[in-house]
Amino acid sequence: MSAIQVKEMAASIKSAISVSGLTVYDLSGIRTRITIGDGPILMPNPNGFVTNLNIIQDSLGAGSLGGERSTRYTLNYTLFYSAVSEGGLNFSVYNLMVAMAVDIIDAFVADDDIGAAIDIEPRIVRVGAVYDPTGNVFHGAEIALDILEFL
Amino acid sequence: MSKTHEKYSRLYVDGYHLSAHVLTVGPLVAEHEAEAQACLNDAVKAVKAIGHYMPSLGAINGLFDNTATTGLHTLHSAAGGGHDVTYAIGFGAVPAAGDPIFCGRWLQVDYIPAPAVGGGALPAVLNFNNSAYDFENGAYPQSWGRLLHPSGAETAVNSGTANHDHGAQTTAGGFGILHVLAGNGTATFTIEHSDTNADANFDAGGAVVTFDTTDVSSPFSEIKAIATGTTVERYLRWQIALGTATTVTFVMGFVRGR
């Protein structure tokens with residue numbers, strides 16, 4: 001049985017996803033603080049990166065008898081587009097942020113064969129104010145990736 | 001990889017690649033008629049397969065698509081005709097040479113656009129009968145075979161090695177299935193066999209199946225059966241001889257007799 005490839009998936013996503021102007025981080029790049037001017041960043045959400053991980057029994061057999069299994073889980077990312085307070089309460093970039101969130105989804109739709117994933121279904125969970133780990137607020141989006149892996 | 005996901009399957013019908021219009025295919029059924037008169041307390045030690053083997057394509061669940069020439073509605077809204085079908089199943093990738101195919105010719109008995117469930121795109125269902133319809137398949141009650149040439153264009157003859165190794169020779173004939181998706185001019189298609197996996201041996205062994213149709217200027221399909229009892233060597237490869245055509249995009253498979 002193959003090991004669940006969550007850590008490797010984050011690295012594969014960093015390598016595979018290319019959106020103009022966006023920097024994608026994997027688990028080794030999680031920032032505690034995102035500063036004004038860092039630019040659009042897509043970062044694993046450290047407070048809930050992996051959710052809803054389930055093991056699915058595909059066939060008979062267990063333990064030493066083997067058996068086929070799959071796993072489904074959700075990887076949660078946050079798009080930090082620009083600081084809300086940049087130049088005052090700044091909503092002038094809101095439309096650009098929404099466009100980038102959609103571009104990220106499009107990138108996953110175009111390539112859902114990333115790393116160990118058999119299937120990737122991207123979702124925009126929410127668009128609006130997002131917070132870095134130190135509480136700074138940004139225009140951004142919460143993006144979830146529902147992943148199927150064969151084990 | 002020992003298991004797969006349906007996203008790696010591909011459906012070809014009558015020379016048209018329908019995967020982008022189809023959600024599910026099947027269930028793919030292979031069953032024999034069996035004696036139904038046994039009672040619960042009869043000492044039935046074995047069920048003898050009698051009558052016909054009845055492979056069934058089941059149903060094609062697709063999208064109601066009115067695209068000219070290639071849409072499901074355009075091609076299949078008139079039920080009642082027979083169709084050559086190849087359903088190729090890839091493992092972790094698009095179907096490749098050697099992957100399983102379920103193929104044959106079946107009668108489309110209906111065409112049923114239905115209300116969309118959950119507010120999605122309008123679906124359409126095509127049901128197929130479970131008998132070997134209008135096809136030499138009556139001599140070959142099998143539908144599971146192997147893909148020899150996945151969808152792709154060829155501009156020259158095949159001088160490579162086997163596209164499928166069956167492991168051993170068989171002596172029960174079989175049938176080839178061909179879908180030409182695009183091309184120009186004329187070309188001849190064959191399936192070559194050999195007991196040795198080398199180009200020269202295939203050239204010497206010659207064709208075990210020669211398809212009849214040569215005009216590749218528009219999509220077409222063909223099922224070509226060979227005589228029952230024909231020896232089919234262990235190794236098989238696709239072959240093409242370009243006539244006036246300079247490129248042909250096609251899918252080819254073979255089902256061995258048993």
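Start with the lining of the largest pocket, whose residues split into seven nonpolar, three polar and three charged. Keep in mind as you look around that this is a predicted model. How is such a space found in the first place? Rolling a probe the size of a water molecule over the atoms shows where empty space is left. Here the largest pocket comes out at a volume of about 150 Å³. Its lining counts 13 residues, and if you want to find the centre, look for A:Asn45, A:Thr78, A:Phe80, A:Tyr131 and A:Glu142, which lie nearest to it. Two strands of chain A, β4 (69-83) and β5 (117-131), each put at least two residues into that lining. Which element gives the most? That would be β5(A), with four residues.

Now step back and take in chain A as a whole. It has two helices and six strands. Walk along the sequence and you meet them in the pattern α-β-β-β-β-α-β-β. Along the principal axes, the C-alpha atoms of chain A fill a box of roughly 65 × 30 × 25 Å.

Next, swing over to where chain A meets chain B. Eleven residues of chain A and seven residues of chain B take part in the contact. Together the two chains bury about 680 Å², with 52% of that area on carbon and sulfur atoms. Which residues carry most of chain B's share? B:Lys3, B:His5 and B:Lys7 supply 67% of the area that chain B buries against chain A, more than any other three residues.

There is a good deal of polar chemistry to look at here too. Side chains of opposite charge can pair when their charged atoms come close. Across this interface there are three salt bridges, and four residue pairs are in polar contact. On the side of chain B that touches chain A, the residues divide into two nonpolar, three polar and two charged.

B:Lys3 is a good residue to zoom in on. One of its partners is A:Glu68, with the closest N and O atoms of that salt bridge 3.3 Å apart. B:Lys3 also forms a salt bridge with A:Asp58, where the closest N and O atoms are 2.9 Å apart. That second pair runs from the segment before β1 (9-13) of chain B, where B:Lys3 sits, to the loop between β3 (50-57) and β4 of chain A, which holds A:Asp58. For the wider picture, a search of the whole structure finds 13 salt bridges over all chains.

Finally, stay with chain B and have a look at its backbone. Most residues other than glycine have a negative phi, and most peptide bonds are trans. Chain B has a few spots that go the other way. Where is the cis peptide bond? It joins B:Gly26 and B:Pro27, with omega at about 10°. B:Pro27 lies in the loop between β3 (22-26) and β4 (29-34) of chain B.

Then there are the phi angles. B:Asp14 is not a glycine, yet its phi is positive, at about 55°. You'll find B:Asp14 in the loop between β1 and β2 (16-17) of chain B. Further along, B:Thr69 also has a positive phi without being a glycine, this time about 75°. B:Thr69 belongs to the loop between β6 (59-63) and α1 (72-76) of chain B.

Notes:
Residues numbered from 1 in each chain as written. Chains lettered and ligands numbered in written order. Predicted model: local features only at pLDDT ≥ 70, side-chain atom pairs only at ≥ 80, totals over all residues. Heavy atoms only, no water. Contact = heavy atoms within 4.5 Å. Buried area = accessible area lost by both parts, 1.4 Å probe. Salt bridge = Lys/Arg side-chain N within 4 Å of Asp/Glu carboxyl O. Polar contact = N/O pair within 3.5 Å; in protein donor to acceptor, adjacent residues only side chain to side chain. Nonpolar A, V, L, I, M, F, W, Y, C, P; charged D, E, K, R; others polar. 1 Å grid on protein atoms, 1.4 Å probe; cavity = no way out; pocket = protein on both sides within 12 Å on 5 of 7 lines; lining within 4 Å. Points joined across faces, edges and corners; volume = space filled by probe spheres on them.
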